Amino acid sequence: MNIIAAHIEAIATAVPDHDVHHAFIDWAEGRIGDPRERSLFRRMADRSGIRHRWSILPAASEGGSPIAPGGFYHGALPSTGARMALYAEAAPKLALQAIAGLDAAAVRHVTHLVVASCTGFVAPGIDQIIARQLGLSSQVERTLVGFMGCYAAVSALRLAHHIVRSEPEARVLVVTIELSTLHLQNEDRIEPLLAMLQFGDGAAAALVTAEPYGFAISRPFATTLEDSAGLIRWTIGDQGFAMQLSGEVPGRIAEALRDADLRQSIMGPAAPDEIDCWAVHAGGRSVLDAVQSGLTLAPHALGQSRDVLARYGNMSSSTLLFVLAQLLAAPECRQGVALAFGPGLAAEGFHFRRAG
């Protein structure tokens, strides 16, 4: 029996050109009244492993950050409506910027479009906006993967995998677009400030087909950690989406990954020395440390994930595709595992191997 494999042929990525990371740190420090807590925040920021985070928010009228006079966040914080209006304008533009990095002829012939995003809402949906601006046929089948969080790239790629396996002629365009910096909150507590410190904006696009190029997808897996639903949450309020990211997350991940059954579900029949590359969602330095410890990986195993974290921060669902893009460009990566975490607390992923 000839088993069809879905392949990630190509990946392209995009980020805005406005680096807001250090401006945010200065703003957050100014909100913490207790000198000891302020010092703790600075130490945690220095140890975050993040050097840059990019935002679609424009510079203030005097050239400063979005929190400076004349900026989007100066004074009274904008309403959710104002943030969603900006999402509707900026999200398609950044998504199209990522798609432009793919072969134009290949994009024109896609049969399915799968878009993942959890940082905004608009109707008609962002999938329809992208399809229209690309000039795709009205018969292209569209799916919007919404509000699943950081592991949504796995969900989108898994859907593409199933489409291609059932329709070998299908050509699936997978797009992730996240504008996390639209959701600054009026906080002065360390934990939510550290959660906001992680996130930046980014988009990625991948072409998935049955053609034997790039990475073949296999063995999707998914699990939810027990008694963990409150550890990662988005709450929609009158002033944007408030991220709740518990400091317990890394410890729970490390503990879970030491469980033999969970390790088996992730590794499958592969021996540890057969996995030569890991695409782990760069959710934060402590999350990557937890995965490395929990799976007893070599110190260099998560090098690409740590590089993406340093250069872009956590871009929610787009992050995993940024890591996969680096591995796709590394010929030494022959067989790997992709793994991401998100609200639930859920862990999802798949195996991949280089074609040829």
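What follows is a short chat about a predicted model.

Q: What should I know about the model and the numbering?
A: The model is predicted, so to say: local features need pLDDT of at least 70, side-chain atom pairs count only at pLDDT 80 or more, and totals for chains, interfaces and linings use all residues. Residues are numbered from 1 along each chain as its sequence is written, and side-chain values use heavy atoms, with hydrogens and water left out.Q: Which residues touch the most other members of the largest nonpolar core?
A: Trp278 and Val291, out of 87 residues in that core. A nonpolar core here is a set of buried Ala, Val, Leu, Ile, Met, Phe, Trp, Tyr and Cys residues joined through side-chain atoms within 4.5 Å. Buried means under 20% relative accessible area, exposed over 50%, and partly exposed in between, with a 1.4 Å probe and protein chains only.

Q: Which helix gives the most to it?
A: Helix α3 (residues 80–99), with 10 residues. Helices (H or I, at least four residues) and strands (E, at least two) are DSSP runs, numbered from the N terminus.

Q: And what is Val291 in contact with?
A: Leaving aside neighbours within four places in sequence, Val291 contacts Ile253, Leu257, Val280, Thr296, Leu297, Leu302, Leu339 and Phe341. Contact means heavy atoms within 4.5 Å.

Q: What lies apart from that core?
A: Another core, of 43 residues, with Ile11, Ala116, Phe215 and Cys333 among them.

Q: Switching to pockets. What volume does the largest pocket have?
A: About 520 Å³. On a 1 Å grid over the protein atoms alone, a pocket is an open set of points where a 1.4 Å probe fits, with protein on both sides within 12 Å along at least five of seven lines; lining residues have an atom within 4 Å of a point. Grid points are joined across faces, edges and corners, and the volume is the space filled by probe spheres set on the points.

Q: Which residues lie nearest its centre?
A: Gln198, Leu245, Ser246, Pro250 and Ser286, from a lining of 28 residues. By class, that lining has 15 nonpolar, 10 polar and 3 charged residues. Ala, Val, Leu, Ile, Met, Phe, Trp, Tyr, Cys and Pro count as nonpolar, Asp, Glu, Lys and Arg as charged, and the others, Gly among them, as polar.

Q: Which element gives the most to that lining?
A: α7, with 4 residues. In helix α7 (residues 190–197), 7 of the 8 residues are buried. What covers those buried residues includes α1 (21–31), α2 (35–46) and β10 (240–245).

Q: What about the second largest pocket, which residues are nearest its centre?
A: Ile275, Asp276, Cys277, Trp278 and Ala301, in a lining of 19 residues. The volume of the second largest pocket is about 390 Å³, and α9 supplies the largest share of its lining, 3 residues.

Q: Backbone next. Where is the cis bond to Pro124?
A: From Ala123 to Pro124, with omega near 0°. Pro124 sits in the loop between β4 (112–117) and α5 (126–134). Another cis peptide bond joins Gly344 and Leu345, with omega about -10°.

Q: What phi does Arg219 have?
A: A positive one of about 50°, although Arg219 is not a glycine. Arg219 is in strand β8 (residues 215–224).

Q: Is Ser316 buried or exposed?
A: Buried, because its relative accessibility is 2%. Ser316 also has a positive phi of about 50° without being a glycine, and it is in the loop between α11 (303–312) and α12 (318–328).

How values were computed:
Residues numbered from 1 in each chain as written. Heavy atoms only, no water.
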